[in-house]
Amino acid sequence: MLLSLTVKNFAIIDNISIDFNKGMTVLTGETGAGKSLIIDAIGLLFGDRASNELVRYGENKAIIEGVFSDYSNNVCEILENNDITNSDLLVIKREIYQNGKSIAKVNGETITLNVLELLSTELGDIHTQFDVVKLVNPKNYFSFIDNDRINFLLNDYKDLLNKYRKVFSIYNQKKEQEGLNNQKLDFLNYQKNELEKAKLDPDEEDILKNELNVINNFEKISENYQEFIDLFADNNIIESIYDSINALKKNVEYNGKLENYIQRLESAYYDLDDLNQDIISLKKDIEYNPLELDQKNERLSVYSSLKRKYKMDTKQLIAYYNNIKKEIDDIENYDFQINELEKQKNQLYQEVKKVAEEISSIRFEEAKVLKDNLLKVFPELSLKNTNLDIILKQTENFYNNGIDEIDFMISFNKGEPLKPLNKTASGGELSRFMLALKAISCHKNMHKTFIFDEIDTGVSGEVAGSIALKMKEISQNNQVICVTHLPQVASIASEHLNITKNILENNRTITNIKKLNYDEKVNSIALMISKGNITDASIALAKEFLNN
């Protein structure tokens with residue numbers, strides 16, 4: 001149940017706070033005063049998408065906050081699953097910023113809209129005059145008969161259906177390839193043999209290029225080595241270090257610290273001598289071999305030729321070779337694979353069908369219950385001569401929500417044949433049909449908030465009275481908040497809130513809301529009755545409505 005609503009900087013609403021009670025509350029007021037904005041604000045608490053266009057002009061952000069109580073155990077479970085503090089009250093807050101950013105919080109914890117939508121299904125429901133559009137498309141009718149058990153099975157059904165469709169697609173692709181496999185196999189084997197013969201290695205190409213670079217620069221490299229060797233020999237570097245070591249040794253008896261220097265010089269002496277010998281060996285090892293040059297160029301040309309031919313680099317060629325081997329293996333094992341896929345396909349088909357038939361069976365039971373309940377409710381909404389049948393037909397098709405097709409066949413007049421609801425009902429009849437559906441769903445719930453936004457548009461007289469009584473009945477176990485222009489509906493409510501708009505001295509428009517006492521209710525209802533001009537007759541009729 002919604003205890004209070006605070007709305008700040010929301011369209012023409014500056015700052016209002018509303019306290020709600022149990023039972024039925026109506027919102028009335030002139031067109032454009034802001035009644036639907038109140039409903040839109042509650043819609044945001046129920047997870048509707050936010051638009052920065054709703055932020056009041058000149059303000060940085062809009063704030064909507066609602067406080068709920070007496071909520072179900074399902075709400076407590078959602079809070080617990082999302083690590084949200086649970087208490088006697090549930091506080092939902094939405095902040096909408098001018099820059100497009102939007103924040104949702106529950107009991108001070110920031111949450112996603114998905115979590116907010118989960119909570120909203122347990123807290124209440126908003127029904128507008130535009131919801132009757134759902135009755136235009138028979139595919140939407142499943143939402144009126146699918147219960148929690150069906151929705152649970154639908155999750156399994158959708159998982160199995162996705163697996164079936166995937167295997168079915170692969171199976172069909174394999175079947176389509178069957179005629180092309182022999183031709184393709186010859187070509188793939190040719191490519192495999194060519195690449196296999198090349199014995200490609202991801203590192204060999206770079207190694208070959210480095211080795212060829214050495215051979216092609218043989219003379220220059222040899223000269224550089226010789227220059228190093230000559231410099232060592234001509235400057236007597238090794239001998240000079242040896243002589244310097246002997247010279248220092250003569251002073252050791254005078255300075256013991258020289259032992260450390262001598263050790264370091266001896267280490268350098270041996271390192272330099274080894275280095276010199278290594279360079280001499282490198283000089284001897286390098287040679288120009290025309291045969292080796294030709295072999296390496298020939299090997300490198302294998303890489304260049306294949307890269308040009310296949311328009312790939314070396315790593316891609318190796319990956320392509322591995323893919324070819326796999327594809328050849330797939331073709332050579334085609335019969336085995338197609339048989340395995342067919343087994344999987346047939347098994348998944350049976351699994352999908354089994355779950356779909358279980359869903360269909362439950363739907364038939366639920367459709368019968370819904371039909372019986374609707375036929376009981378129709379007379380209460382001035383649909384006394386209405387006859388109805390809910391047609392469910394199993395098909396061979398796997399739709400996203402099962403194998404069933406559904407239609408509501410209805411006749412609003414005695415003696416007339418049943419026809420599809422979406423082709424025979426007027427706007428008023430669709431509104432009452434939808435209200436009947438809502439009334440039935442309300443009986444399954446307790447302490448929820450049901451909001452009706454001008455669903456009584458286009459009706460009057462006895463029909464208006466029947467709609468009012470039905471909403472009053474719903475409010476016995478649930479909270480009802482209703483926007484209306486009908487005196488019959490306004491007079492039957494427990495609470496009456498009147499919405500007005502005023503222009504301030506700075507030429508800004510604001511919305512005001514006021515809880516009406518008995519006399520104010522009389523005047524408000526009289527205005528509805530007499531189309532804006534209060535008369536003695538309309539006052540008397542308004543009192544009669546209220547007193548009855």
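**Exercise 1. Find which residues of α17 and α18 meet, and describe how the two helices cross.**

Start with the contacts, meaning heavy atoms within 4.5 Å. On the α17 side, Y518, K521, V522, N523, I525, A526 and I529 take part, and they meet S538, I539, L541, A542, K543, F545, L546 and N547 of α18. Next, sort these contact residues by type: ten are nonpolar, three polar and two charged. Here Ala, Val, Leu, Ile, Met, Phe, Trp, Tyr, Cys and Pro count as nonpolar, Asp, Glu, Lys and Arg as charged, and the others, Gly among them, as polar.

Now the geometry. The axes of α17 (residues 518-529) and α18 (residues 536-547) come within 8 Å and cross at roughly 120°. Axes are lines fitted to C-alpha atoms, for helices over the stretch in contact, with angles from 0 to 180 degrees between N-to-C directions. Finally, the hand: α17 and α18 make a right-handed crossing.

A word on the ground rules: this is a predicted model, where local features need pLDDT of at least 70 and side-chain atom pairs count only at pLDDT 80 or more, while totals for chains, interfaces and linings use all residues. Numbering runs from 1 along each chain as its sequence is written, and side-chain values use heavy atoms, leaving out hydrogens and water.

**Exercise 2. Work out how far you can trust the prediction.**

pLDDT is the predictor's confidence in each residue, from 0 to 100. The protein chain averages 88, with 98% of its residues at 70 or more. Then go element by element: helix α14 (residues 427-443) has the lowest mean, 82, and strand β4 (residues 61-68) the highest, 95.

**Exercise 3. Check the length of α4 and say what covers its buried residues.**

Helix α4 (residues 148-177) has 30 residues, so at 1.5 Å a residue it should span 44 Å, and its end C-alpha atoms are indeed 44 Å apart. The expected span is 1.5 Å times one less than the number of residues. Its buried residues (under 20% relative accessible area, 1.4 Å probe, protein chains only) include L153, Y157, L161 and K174. Among the elements covering the buried residues of α4 are α11, α12, β9 and β10.

**Exercise 4. Decide whether R432 is buried or exposed, and find its contacts.**

R432 sits in helix α14. Its relative accessibility is 9%, so R432 counts as buried. Leaving out residues up to four places away in sequence, R432 touches L381, S382, L383, V463 and I467. Take L381: it lies 51 residues from R432 in sequence, yet the C-alpha atoms are 6.5 Å apart.

Conventions:
Helix = DSSP H or I, 4+ residues; strand = E, 2+ residues; numbered from the N terminus. Left-handed = near helix turned anticlockwise from the far one by under 90°. Buried < 20%, exposed > 50% of the residue type's maximum accessible area, 1.4 Å probe, protein only.
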